[in-house]
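Me: Please take a close look at a single part of this protein, namely its three-stranded open sheet and the helices packed around that region. I would value a connected account of how the strands are ordered and paired, and of how the helices meet one another.

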Amino acid sequence: MTDTATTGPLHGVRVVELAGIGPGPFAAMLLADLGADVVRVDRPGGPGPGLDPAQDLTNRNKRSVLVDLKAEDGAARVLELVERADILVEGYRPGVAERLGVGPDACLERNPRLVYGRMTGWGQDGPLADRAGHDIGYIAVTGALGLVGEPDAPPAVPANLVGDYAGGSLYLVTGVLAALHHARAHGTGQVVDAAIVDGTAHLTTMIHAMLGAGAWQDRRRGNLLDGGAPFYGCYTTADGRHMAVGALEPRFYAEFARVLGLPEDAPGQGDLARWDELRETVAARFATRTREEWTELFAGTDACVAPVLSLAEAAGHPHLAARETFTTHDGRVQPAPAPRFSATPTTVRTGPALPGADTAEVARDWGLGAR
């Protein structure tokens, strides 16, 4: 078996990650999960308040070196790594990397084939480029936050999954891998400007298409997929837990109605004028049994109903357990690498990289001078 077959499809790809927080480290973790040799350049004292490095799963499958970029030789040490790297990932505000001597010009001069990935909220230009921000603000201005929640209450906050990780990390990874393909085909690197606002806006493409076609109302809970339909949403069970319903197609809705035990005189699925009445009827039925009881009743059906599980419960779900969607490494349960590959399977190879713990090993493997 080759090394590639045991470490993932990006085996042999070298990545320099300039330590930060949030979507940058997650993007680098994804590259590391896929088999890339990710060297995280940590600063003395760490990137700021956050998790104990030993507990930060987004630094799994990586190695770490300590470099003070403000020291006289800091930039030179990073450029030594850059010279041997395929990809660099940084998440500073615009202009910071340049001031530290490790901006795109300096790095691409040292390594013209480098893919320089930049992860920011607002992007490298525009009126807000230099302003501070967080996930909630980025998804607010793109319209994505306004899609979530009850119509007569403030929008619900979907953790930081939509902006930081979906609109940010995943778009950065897509961008740097596309640019890496170009660099290997043509010999020239480039800068990838991954802005969370851009990625999050891009995620709403289908909704914009529906809006333009008159098939989507620009308000919360007024549509088929935002909880407006009584057969696409969440309901409280007798034990105060919840079931998620996604019975969109008529044949699936018919199965849902049968298992739920809707009365024959209940409003029909297509009777929009009576959707509020139907929602009340569905809610009343769900309130008669516990989440576990409903889960057992809907098991094996095509009613498109699932229990709403907590993070702690998710790993124990029978389907996720069978697929090994979660894995255990060093006694810690965590999401397994995704997606899956038939010829180059991925795995959690190492736990979180501790700041500076791999300096000597990286110097040896990357052919650097002794430090």
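Reply: The following account turns to the sheet after a short outline of the whole chain, and ends with two helix pairs.

The model is a predicted one. Its secondary structure amounts to 15 helices and 11 strands, and the C-alpha trace extends over about 80 × 50 × 40 Å along the principal axes. Of the 371 residues, 42% are classed as buried. The accessible surface is about 18,800 Å², with 56% of that area belonging to carbon and sulfur atoms. Among contacts with a separation of 6 or more, 67% join residues 24 or more positions apart.

The sheet in question is open and consists of three strands in the order β7-β8-β9, paired antiparallel. The edge positions are taken by β7 (232-236) and β9 (305-307); each has a single partner strand, so one side of each is left without a neighbour in the sheet. From one strand to the next, the twist averages 20 degrees. Strands of a sheet pair through backbone hydrogen bonds, in either a parallel or an antiparallel manner. Here, β8 (residues 242-246) is joined to β9 in the antiparallel sense over three bridges. Within this pairing, Val245 is found opposite Val305 of β9.

A helix also covers part of this sheet: α12 (residues 291-298) lies across β8 and β9, and its direction makes an angle of about 35 degrees with β8.

Helix α10 (residues 250-260) packs with helix α11 (residues 275-286) at about 50 degrees, the axes being 10 Å apart. An angle from 35 up to 65 degrees falls outside the parallel and perpendicular ranges, and α10 and α11 are therefore oblique to each other. On the α10 side the contact involves Tyr253, Phe256 and Leu260, which meet Leu278, Val282, Arg285 and Phe286 of α11. By class, the residues of this contact comprise six nonpolar, no polar and one charged.

A second helix pair is formed by α7 (residues 161-186) and α8 (residues 196-203), whose axes are 8 Å apart and cross at an angle of about 100 degrees. The two helices are therefore roughly perpendicular to each other. The α7 residues Val162, Gly163, Asp164, Ala166, Gly167, Gly168 and Tyr171 meet Ile196, Gly199, Thr200, His202 and Leu203 of α8. This contact of α7 with α8 contains five nonpolar, six polar and one charged residues.

Terms used
Residues are numbered from 1 along each chain as its sequence is written. This is a predicted model: local features need pLDDT of at least 70, side-chain atom pairs count only at pLDDT 80 or more; totals for chains, interfaces and linings use all residues. Side-chain values use heavy atoms; hydrogens and water are left out. Axes are lines fitted to C-alpha atoms, for helices over the stretch in contact, and angles run from 0 to 180 degrees between N-to-C directions. Helices (H or I, at least four residues) and strands (E, at least two) are DSSP runs, numbered from the N terminus. Angles under 35 degrees count as roughly parallel, over 145 as roughly antiparallel, 65 to 115 as roughly perpendicular and the rest as oblique. Contact means heavy atoms within 4.5 Å. Ala, Val, Leu, Ile, Met, Phe, Trp, Tyr, Cys and Pro count as nonpolar, Asp, Glu, Lys and Arg as charged, and the others, Gly among them, as polar. Buried means under 20% relative accessible area, exposed over 50%, partly exposed in between (1.4 Å probe, protein chains only). Accessible areas come from the Shrake-Rupley method with a 1.4 Å probe; for residues, only the protein chains shown count as cover. Two strands pair if DSSP finds at least two bridges between them.
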